[in-house]
Every structure is written in structure tokens, then in C-alpha cells.
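Trainee: I should like to take a close look at one part of this model, the place where the two protein chains meet. Please set it in the context of the rest of the assembly.

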There are 2 protein chains.
Amino acid sequence: MRALLLAGPLSRAELARRLERSPASITKTTQPLLAAGLVAEDAGRIAEEPAVPGESRGRPGVPLVLLAGRHLFIGVKVTSNEVFAVRTDAAGVVQASGHRDLADVEQETVVAQILELVNELREPGEIQALGVGLAGRMSRFDDTVRHNPFLGWDEVPLAGILERATGIPTVLSEDARALTAGVQWSGPGRGMSDLAVLTVGVGVGLGIVIEDRVLAGPSGRVGRIGHMRVADSGPVCERGHRGCASAFLTTAAITQGIGVPRGRADLDLDAALALADDGDAVALRVFADAGRALGVLIAQLANTLGLPAVILAGDGLGMLAHARPSLDAALADHLDPHATRPTVVTFSSGFDEWARGAAVVACQWMLVDPPPYRTDLA
Amino acid sequence: MRALLLAGPLSRAELARRLERSPASITKTTQPLLAAGLVAEDAGRIAEEPAVPGESRGRPGVPLVLLAGRHLFIGVKVTSNEVFAVRTDAAGVVQASGHRDLADVEQETVVAQILELVNELREPGEIQALGVGLAGRMSRFDDTVRHNPFLGWDEVPLAGILERATGIPTVLSEDARALTAGVQWSGPGRGMSDLAVLTVGVGVGLGIVIEDRVLAGPSGRVGRIGHMRVADSGPVCERGHRGCASAFLTTAAITQGIGVPRGRADLDLDAALALADDGDAVALRVFADAGRALGVLIAQLANTLGLPAVILAGDGLGMLAHARPSLDAALADHLDPHATRPTVVTFSSGFDEWARGAAVVACQWMLVDPPPYRTDLA
DNA sequence: GCATTTCATTGACACGGTGAAGGAACAGGC
DNA sequence: GCCTGTTCCTTCACCGTGTCAATGAAATGC
């Protein structure tokens, strides 16, 4: 119920229509929330503006707003060499953030750094839940790291470890899915019920939202699209596939694709972009190829799932400055004749956004699936 | 509730575990169903066999079975030149079937033929619902044919027309999705909660089931995979894409791919298969390419959605006799290193199976979303 | 026979939903 | 200003569906 309040300040009548419930039901369910201070009537009447002017007959509704500040969440994103953490409110607004470098990927090291960050961020009030985003196989709302190639972990019961150390209910989530949840809950995809989030960076990641649900798949394996074939020819990825997505889109593929012919093996992404800015032919070609690969991927997603919107994110997104034309061309070319063209939104986001996604997952976890042990504490 | 009874005869306790409800709840909800004769206690104790022998302690459960015969459904599949219809019970078992040729695709002609078939099949008892499967864009449980390229229809309120003429509640469904529903409900995918159905024939179709739900997409556009790129090179499809799925897999692509070099423009699929049986090099190559295309498609699906099972269906399935080795090789090659290999099941089905799927959709529609006007009649 | 185990039923009860009825707040016409 | 129409919100009685706790029933194994 509270979940849909996040679609903005809404009057009770509007809520009833959106949730397909009777007005009586809304009144009843919101009363305890009002008393508990979780929602409030908005005296400002913000939401009345977009109403059609001619329809101003009748008693105006009293908008309800979620007092998001009442509930705090912490989200953590773990990469192979860094840990990022943010504290957010229930609306997913970041209040504070922090980060630590990782000396190694030992369990003790990582857990210690996470705990430091959590203790740093938790001080202003009670934290409702802690969400941790990591790469690798995990179900939605998991408690164990099944397999993480970057950390070299297998079957680590991280949620339990953190819960015991912090006293905060903790949930794990696959990172691309956490980012997707963040995007859909309170990011550029807010209010959309169907979208995909395509991330480009060290790898190629994918999160899918269908009918307001973030897909997890039977064993948390949704979104392995790194080896989708996107072109007739082109570079070969590390598994020997010619023309697969990883071979065009990962940061390593791009820096090597430009650096090797230009004799600069240590080229980084910024330098590659600078080369392209200066009109370097190799760089422009590599970026154009990357754009084409992205366009094909987006078209394939739109064809397969009929998605109306695709959101691009990740630290490799800078390429779009040079890749956008070929992306658009490839998208138009590969789209099914009867499919509607999906809206492509770019979302430049740092690692904070991944951590924020983990916090959003924690928030959703509390809303849909309050952990039983919380009642023990109450 | 009844929906999960279709997962086989189950004891009440087993039902409670599967539905995550309390045993008390199961007893209460099944009592009126028992009284109404919709379910029955199965004296034969069929389902007790697969239990682990060592766990035979305690009072054995009384299996409940759905008396499927109490509810009848009719499913109709409309192609550009034929209409197929079947009568099934609630379990999706076909009791009778029929078919008509279509002289043309005028609305009156098609409706008249459907009505003839329905009246032929409806006589033994009350029909609960009528499901119609057609190609084209439609939402799940739609009532209007939005756009059907084969019939040349746009915005035809077919459900209303048939409802008025027959007095049976009617629902429309996109045909690949109907087939998928049939496969998952009572076909080879019975009991699986995640699977894809890939159809090969005049076109290439796809239906997806995730978490027990048949995906429809925001506007019924799931599953347009005809133009997915599956190879570096190869024939060109009618839209000019080199190496796309349609160019390898449709019946037309195969018959032309073999018929043109062999100078037999009128070659049909059976003749093409016969050529391959005789060791014709061109035919063997075309079928091997088709298998490779299928393997890549399956791998891409498995990677994108993490599906554990893919079911192949459609009238073009005969190719597998010669295409299976290349299919398996391509599947292994393109699967993500960390993905589990999906089970690939072949399901040889005629058009009756498509009609049966439409009947299953009608059954599901009644179970999850009983149409309000039925109460008017009662 | 008895303990053990699992299944199934019952009754008291809570929660979330509905429909009907009625009061409250606004706009507009007279 | 007052009535009317409209929409919003609340209250009340009620129902359906679920739970918990207690009890009985049917099997196995010692």
C-alpha cells in the first residue's frame, strides 16, 4: 500500500482508483498510517495543479504524502576493490554516503569495511534495513552470496554475518537488479511498469522490470547478455565469440580496441574519449561499433520482451557522445517491423547509484516481505 | 486455488506447503469445492508412489483430484486460411475437435465458420468459456483484435461479437502466448514455473513463462524474435538482415534455401526433409544452419532470462532430425559460462495444440478473472 | 500396545476488503 | 446569498479468507 504512495502525493480517491480498491478501504488502511506518522495530509495541495481545469467541480481531494524521512535505509555496493555505501530515506533520496578501498577480497576485510561504513552512516536514527548489492548469482532478497567471481566467494552467508554484527535486518541482491530497482523506484524509470536497465562498464549487465516486478529468474540468473551476438564480424571476446556484445562494449574491449592499433596499451577510457574528440579515426570507429552493438542489444530486448523503455547506465556511458548515431541507426534497423520503438534514456550514474539501488531493494524487502525476526525485537 | 490442483493429485498438506498457506485454510477452501463436486478425494492414492520410501512415517495424506470433466471449454485457432477448434475439459484434455477451411478473410466468413465449429462442439453440456487464438498484438485476455496482418484486421471487437452470438463468455489471446499457456498448463511444460516456447513454422514465435505467469508485455508485444541476429553470415531475410533468425528458420527460408540451388522452386518442407535424408549436401547444410540458428536463439534466451527449459514446437520441427547436432553445438557455444544449460524439449504439435492453448487461456481467464456478466446470467 | 509422526478438522479470531448511507467541501447558476 | 450538482471522505455492518491452537485420525516402528 505504501509502495504506491511513492508515485507522488495522491488524494485518497485517486489512490482508490489507481489501486482498484474502494474508497472505504483506503480510508481504513491509511488511518493507522496517519496516526503512526508514516503519511501526512499535504496542506500545500501540490498535486492539484495537473488536474484538467474544466474538471474542478466537486470537493477537492486531500493529498497524502509519504513522510519518507521516517524510515532510513542503508545500501552498500561491493566491487572487487571498493565498497560504496549510502543512507537513504524511504523515497530513495540519498542523505549521506561514504566509500572505502579494499586492500584484498578476504571475507574479513570486506566485512570489516562494510561495518565501518554502516556505523558511520547509521548514527542519526534507527535504520530499518540494510541492502547489499554484489555481482553474481543470487535470488531476489537472498541471504547468501552464491558465487561471486570478482571476490572469489562461494556460498558466503553474508546477510547473517552483517545482521549479527549490526543488528539491522539485511538483504543481499544481485547488483544489476539492485540498480534496476533503484531506477524503477525513484530514478529515471519512476512510475514505469516495464523497462530494462542496460549497464556498460567492466561488464555488460541487464536488469528487467515487467509488470512492476524486477525479474529474478528461477535462480537469479536473469540478464547474462554479455555474449549475445550483435554483429556479423568484429573483435573477438575472451571466449572466442566473434561479434558478441562484450567484445564491443566493455571498457577493456574499447581501450584495447583503440590502444593496441595506436600503440598505447595503457590507454584508459577517458583518454580513448579524448582521442575520439580529436577525430581519431580508430577511436571513432570503435565507438561507432560500440553504439551499433548497444543498438542491436536494445532492439533485441525490445523485440523479445516488448519493452517500451530502455535505460542506459554504467560508467562506460561516456561513449554515447560518439556512439549515439550508430546506436540509433542499429536500433531502427533491428527493431521488428511491428514493434514500437522503445524510449532510450541515458542515466549517468556513479557507484553511489548502485548503492542507492541496494538501499531501495532493502526498502522493498521491508515493504513486501517484512522479516519475521523483527517482531521478536518489538 | 484450483489452479494449483492441476499440478497433479495432491494431498491437502502438500497443497498447503506449495501454496504457503496453513492446512486449516486448505481444508476450509476445499470443502465447498468438494461439496460442489469440483474436486474429489482420490481413493486410489495415486500420488503416494514418488514419496521417498524412508519418509513413510505418519498418517498418509488423502490426495485430492480435480474433476476436470465438470468444466468444458472451447478453444479456437484462426490462421489465414483455416479455423481449428477443440473442446477440452478443465485439465486441458481434448474431447473433440473440428476444422474449417476459410474461403476468404472477411469478418463475416471467419465469424460464421467459428460459430459453426462452436455449435458443433458445444452440444454435450454447458461450455464455461470460449478462447480464440490469433496472431497479432493483443493484451492477455483481450476482447479486441488490435492488428492481425494475416487476416488484415484492425480493431475488430471479436470477443463481443462471438459472445453475443453464442452466449458463451469469450476471450482473445495472441496465439503464441496461447500455445505457451497450453504447454505450461497441461503440456510438456506442466509444473514448470519458468520456460520458453519457441515455435518454428511460417514464422518464428516465442512465448515466455516467468514465475508461473505467461508474459504479455505492456501492449502484448512480447516475443518478436524473428529478426534476432544469430550468425555472422548467411541468407538475407525479407527485411534485408543478414543472418537473422527468420532467414534460417521459417519454412519459406528453408524450402527456398534448398529449392533454389537445386532448381526446384516449388519444393515443400517434406521434400526438403527427404532430400536431406538422402544425403543431399545443400539440404544438409541448410538444416544444419537452421539448427545452429535455433541453438543461438535458445542460448540467448537462456542468457537473457535465465530460463531452465525451452520447448520447441511448431510445424517446422521436422528439421530437427537433421538439425539437432548443430543446435546442440551452437547452444553450448553461446551459453554464458555461468549459465546452466537449459533443457531443450521438442513438442511435435499440430494446429489442434494451438486451439487447445486457446481453450486453456479461456480456462485460466475464468479462474483468475471471472467475467462480471456471468453473475447476471446466474 | 504405545510412542511418534503426519494429516485433517474444528472453532475463535483477526485482517482487509465491500456496499450503502451520509456528511463535508467546493463550483456554478439563479 | 442559496440551492444544486459533484466529488471527496468517513462510518457502519458485514463477509471472505486467512491464521493459531487444540483436537482427533491414520499410518509406522519398536
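How many residue pairs in polar contact does the rule find across the interface of chain B and chain A, with both residues at pLDDT 80 or more?

Mentor: The rule finds zero such pairs across the interface of chain B and chain A, counting a pair if both residues have pLDDT 80 or more. This is a predicted model, and side-chain atom pairs count only at that confidence, so the zero is a statement about pairs that pass the threshold. The search for salt bridges across the interface of chain B and chain A likewise gives zero. The two chains nevertheless bury about 3,800 Å² between them, with 50% of that area on carbon and sulfur atoms. Chain A brings 41 residues to the contact, and chain B brings 41 residues.

On chain B, the elements that each supply at least two residues to the side touching chain A are β12 (204-210), α10 (281-305) and α11 (320-334). The largest share of that side comes from α10(B), with five residues. By class, the side of chain B that touches chain A holds 17 nonpolar, twelve polar and twelve charged residues. Charged residues are therefore present on this side of chain B, although the rule finds zero salt bridges across the interface.

Salt bridges do occur in the model, since a search of the whole structure finds 28 over all chains. One pair to examine is A:Glu14 and A:Arg17, whose side chains meet in a salt bridge with an N to O distance of 2.8 Å. A:Glu14 and A:Arg17 are three residues apart in helix α2 of chain A, and so are separated by about one helical turn. Side chains of opposite charge can pair when their charged atoms come close.

The DNA completes the picture. DNA strand C has 25 residues around it, the nearest being A:Ser22, A:Lys28, B:Ala13, B:Gly58 and B:Val62. Of the atoms of DNA strand C within 4 Å of the protein, 67% belong to sugar or phosphate, and bases provide the rest. Phosphate oxygens of DNA strand C lie 2.9 Å from an N or O atom in the side chain of B:Arg12, 3.3 Å from a polar side-chain atom of B:Arg17, and 2.9 Å from an N or O atom in the side chain of B:Gln31. The surface near DNA strand C takes at least two residues each from α3 (23-35) of chain A and from α2 (12-19) and α3 (23-35) of chain B. Five residues, the largest share of that surface, come from α3(B).

DNA strand D is surrounded by 25 residues, of which A:Thr27, A:Gly58, A:Val62, B:Ser22 and B:Lys28 are the closest. Sugar and phosphate make up 67% of the atoms of DNA strand D that come within 4 Å of the protein. The polar approaches to DNA strand D involve several kinds of oxygen. The side chain of A:Gln31 has an N or O atom 2.9 Å from a phosphate oxygen of DNA strand D. For B:Ser25, a side-chain N or O atom is 3.4 Å from a sugar or linking oxygen of DNA strand D. For B:Lys28, a polar side-chain atom lies 2.4 Å from a base oxygen of DNA strand D. Here the elements giving two or more residues are α2 (12-19) and α3 of chain A together with α3 of chain B. The largest share, five residues, is that of α3(A). By class, the surface near DNA strand D comprises seven nonpolar, ten polar and eight charged residues.

A word on confidence is in order. Chain A has a mean pLDDT of 83, and 90% of its residues reach 70 or more. Over residues 45-53 of chain A, however, pLDDT stays under 50, and the model has five contacts beyond four places in sequence for them. Residues 372-378 of chain A are also below 50, with eight contacts in the model beyond near neighbours in sequence. Where pLDDT is low, the predicted coordinates should not be read in detail.

Notes. Residues are numbered from 1 along each chain as its sequence is written. Chains are lettered from A and ligands numbered from 1 in the order in which they are written. Side-chain values use heavy atoms; hydrogens and water are left out. A residue is near a molecule or strand if one of its heavy atoms lies within 4 Å of it. A polar contact is a pair of N or O atoms within 3.5 Å; within protein, one must be able to donate a hydrogen and the other to accept it, and residues adjacent in sequence count only if both atoms are side-chain atoms. Helices (H or I, at least four residues) and strands (E, at least two) are DSSP runs, numbered from the N terminus. pLDDT is the predictor's confidence in each residue, from 0 to 100. Contact means heavy atoms within 4.5 Å. Buried area is the accessible area (1.4 Å probe) that two parts lose on being put together, summed over both. A salt bridge is a side-chain nitrogen of Lys or Arg within 4 Å of a carboxyl oxygen of Asp or Glu. Ala, Val, Leu, Ile, Met, Phe, Trp, Tyr, Cys and Pro count as nonpolar, Asp, Glu, Lys and Arg as charged, and the others, Gly among them, as polar.
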